[in-house]
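Work through the exercises below with the coordinates open, and try each task before reading the solution under it.

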Amino acid sequence: MRDPRYDILFEPMRIGPHVAKNRFYQVPHCNGGGYRDPSAAAAMRGIKSEGGWGVIFTEQTEMHHTSEITPFIELRLWEDQDIPGLRRMSDAMKVHGALAGIQLAYSGINGPNFYTKEVPLAPSSLPIRTFTNDPVQARALDLTDIRNLRRWFVNAAKRSKIAGFDLICLYGAHGFGIFQHFLSRATNQRTDEYGGSLENRSRFAREVVADIREAVGDTTAITMRVSLDETIGDLGFSNAEVRDFVAMNADLPDLWDLAHGAWEDCSGPSRFKEEAAQELLVKGIRELSSKPVVGVGRFTSPDVMVRMIRSGTLDFIGCARPSIADPFLPRKVEEGRIEDIRECIGCNMCITGDMTMSISRCTQNPTFMEEWRKGWHPERMQEKGDSESVLVVGAGPAGLEAARALGLRGYQVALAEAGTELGGRVARECRLPGLSAWGRVRDYRQFQIGKMANVEVYFDSRLTADDILAFGFQNVAIATGSTWRRDGVARAHVVPLPMDPGMPVYTPDDLMDGKVPTGTVVLFDDDHYYMGGVLAELMARRGAKVTLVTPSAYVSDWTRNTLEQGAIHRRLAELGVEIVLNRAVTRVTADGVATACVYTGAKRDIAADAVVLVASRSQNDGLWRDLSARREEWADNGIRSIRVIGDAEAPGPIAWATYAGHRFARELDMPDIADALPFRREVTALAAE
Ligand code: ADP
Ligand code: SF4
């Protein structure tokens, strides 16, 4: 059972008219599903309730149609019609005794209103601030508008109450909510009673809290989410000013919810931010108010959580990503199962679901957002089907997750790995600069498999088709991974790049094998995710003079979706890496590379002693192809099915591999659904004509 040193995490605590059963507080987080997938989002929150969280919030909920952030998909509470969908969510949150919270967002200077076509309203007339520099400006709210906005907040609060929520969070953090826009001198340049002094800039927050308290405060707690530092220098809402604001308005909300800076500051990936990275920014604020404080910091260690509470830094442990990676984190602490916690690796893949307006995935938890769509539970698998045995070939993230999940279903599982360690690409990549937390993908699964009597691991076992046909396993999963291409084929070149054989050419696999070039190196990144930037960092740290060439307008372009592109560029610039954008390598020469501007074709040669090509990957599917060619021998050898999964089927991010492994395990021995859609989907009901 529970280790007494964690008892403090389970002490109840009052928030306004409610009492949270423990200190585990799931702060608002997006999921890419939002209003388009209300049942999927509700079921995801329901799983967190089962997992033991004391407080569970929605994602940001747009509370009035004059402010919305299309194309991003969050929740909406614009009219009574929106109440039933939100009620479904609050019901799911409360099943196991959590308090249900809704985050109300009026996006102000952050909402371009592409969908409603309303003119955006903000404290001052400035361009809309989004990821995409939209060509739209906001009109400054006049005093009548401010009165209207206060009333709209009250309307939203009343609807939130009808929708069953216990807590209302007023959003003013990450640069995203109107409360921050009023508080910051950068976005509030008013000269009336709502601008100028901090007292004036806090007026709007004070008025809205008072209005909502009067309307629903007897039954509904009010929390206020503010940024700990706007991180834009003196003009912004600095950490010192946040402290002044809290001191000046000490008992304003029922709880202070402290988040950091812009979203990329708050949700920093593990490559750039440690656990509890916001500790210094938050320390001491609790003493300024009698109200409880929640803060975040990618907390996955119960010892760190206890320290945050014992040191008087926080009252509640706020978690978004750790609650995604392991919705059962509180229950595992409560049941004394610390080693079973599936720790977030801080890769920010979950955030890409929101940024790409798709639906979120989690590298560690393949069931995230599939709780309703596929009926997948993060802790439980259905019983095994009518076959008995499975051979999984390859112990990368796909093979490891398949073995773990098949083991849970009760199959006899053999996991054969050619090498001498588990983890595949994860074991290699976690040795690269900043990626050590990614090893948790392996560690969690290694520990789980180690506990299962029905899963055996075989190392030094590079299997051939003959081996597999001879073994007699009924089912086989081929998870043999992928290899970085040496010929430069990716996007700029769909056929091999011309190369002078005299120039040493390296691939990411070479570098991960320890063959790291020195001297003057050109790295050509036509992959665009993290690998090119990480390898440039690795070489620069070892003293190489690195030039990173990419056809994109951004270094590690796709990491804009993981909120780390800015940090990557900054790090490379600080390490002295020369960054050459909008240029493709057209040829590897004896003295370096020939390049061309992607717009004009203008040529430029860059000298180098070595070239690193971060292009695409080839699937290691030779084994699968050999077995496919011998399909008529399967049945005679007792084989019912063979599938190729993960990078061996089609290379992708690690999250794709864990998903593929999990899916294989779920679907084994299940009836063939032929042409049917493999998940449940919500279709908007047609309005009456
Ligand atoms: P994924 O991301 O799909 O899980 P990885 O590349 O991470 O793929 O892992 C593939 C693993 O498969 C590696 O650990 C590799 O050593 C192993 N492997 C490759 N070929 C074989 C084989 N023929 N037999 C056993 N293991 C193999
Ligand atoms: Fe953590 Fe990555 Fe999962 Fe997000 S996707 S919760 S960052 S492991």
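The exercises that follow concern a predicted model, and each solution proceeds step by step.

**Exercise 1. Domains**

Task: State which domains the assignment gives for the chain, and how far apart the C-alpha centres of domain 1 and domain 2 lie.

Solution. Begin with the bounds: the domain assignment gives domain 1 as 4-355, domain 2 as the two segments 389-481 + 620-667, and domain 3 as 487-617. Next, take the C-alpha centres of domain 1 and domain 2, which lie 40 Å apart. Finally, list the residues that take part in the contact between these two domains, to which domain 1 contributes 12 residues and domain 2 contributes 15 residues.

**Exercise 2. Helix 3**

Task: Compare the span of helix 3 with the expected value, then determine how its N-terminal end is capped and what its buried residues pack against.

Solution. First, helix 3 covers residues 143-162, which makes 20 residues, and the distance from its first C-alpha to its last is 29 Å, close to the 28 Å expected at 1.5 Å a residue. Second, look at the N-terminal end, where Asp142 acts as the cap, with a side-chain oxygen 3.0 Å from the backbone nitrogen of Thr144. Third, look just past the other end, where Gly164 adopts a positive phi of about 95°. Fourth, apply the cut-off for burial, which is under 20% relative accessible area; the buried residues of the helix include Ile146, Leu149, Trp152, Phe153 and Val154, and polar side chains such as Asp145, Asn148 and Ser160 are also among them. Fifth, trace the partners of the buried residues of helix 3, which pack against strand 6 (99-105), strand 7 (121-122), strand 8 (139-140) and strand 9 (167-172), as well as helix 4 (178-183) and helix 6 (203-216).

**Exercise 3. Strand 13 and its neighbours**

Task: Establish which residues of strand 13 are buried on each side, and identify the bridge partner of Phe24 in this strand.

Solution. Recall that in a regular strand the side chains alternate between the two faces of the sheet. In strand 13 (residues 316-319), Phe316 and Gly318 belong to one side and Ile317 and Cys319 to the other, and all four are buried, so that both faces are covered. Turning to the pairing, strand 3 (residues 24-26) runs parallel to strand 13 and is joined to it by three bridges, with Ile317 as the bridge partner of Phe24. Strand 12 (residues 293-295) also pairs with strand 13 in the parallel sense, over two bridges, and there Gly295 stands opposite Ile317.

**Exercise 4. Two open sheets**

Task: Describe the strand order, pairing and average twist of the five-stranded sheet and of the three-stranded sheet.

Solution. Take the sheet of five strands, which is open, has the order 16-15-14-17-28 and pairs in parallel. Its edge strands are strand 16 (455-458) and strand 28 (641-644), each of which pairs on one side only, and the twist averages 15° from one strand to the next. Within this sheet, strand 14 (residues 389-393) and strand 17 (residues 475-478) are joined by four bridges, and Val392 stands opposite Ala477. Helix 14 (residues 397-409) lies across strand 14, strand 15 (412-416) and strand 16, at about 165° to strand 15.

Now take the open sheet of three strands, whose order is 23-24-25 with antiparallel pairing. Strand 23 (583-588) and strand 25 (603-607) are its edges, and the twist averages 35° from one strand to the next. Strand 23 pairs with strand 24 (residues 592-597) over five bridges, and Ala584 stands opposite Ala596.

How values were computed: Residues are numbered from 1 along each chain as its sequence is written. Chains are lettered from A and ligands numbered from 1 in the order in which they are written. This is a predicted model: local features need pLDDT of at least 70, side-chain atom pairs count only at pLDDT 80 or more; totals for chains, interfaces and linings use all residues. Side-chain values use heavy atoms; hydrogens and water are left out. The expected span of a helix is 1.5 Å times one less than its number of residues. Buried means under 20% relative accessible area, exposed over 50%, partly exposed in between (1.4 Å probe, protein chains only). Contact means heavy atoms within 4.5 Å. A polar contact is a pair of N or O atoms within 3.5 Å; within protein, one must be able to donate a hydrogen and the other to accept it, and residues adjacent in sequence count only if both atoms are side-chain atoms. Two strands pair if DSSP finds at least two bridges between them. Axes are lines fitted to C-alpha atoms, for helices over the stretch in contact, and angles run from 0 to 180 degrees between N-to-C directions. Domain bounds come from an automatic or database domain assignment.
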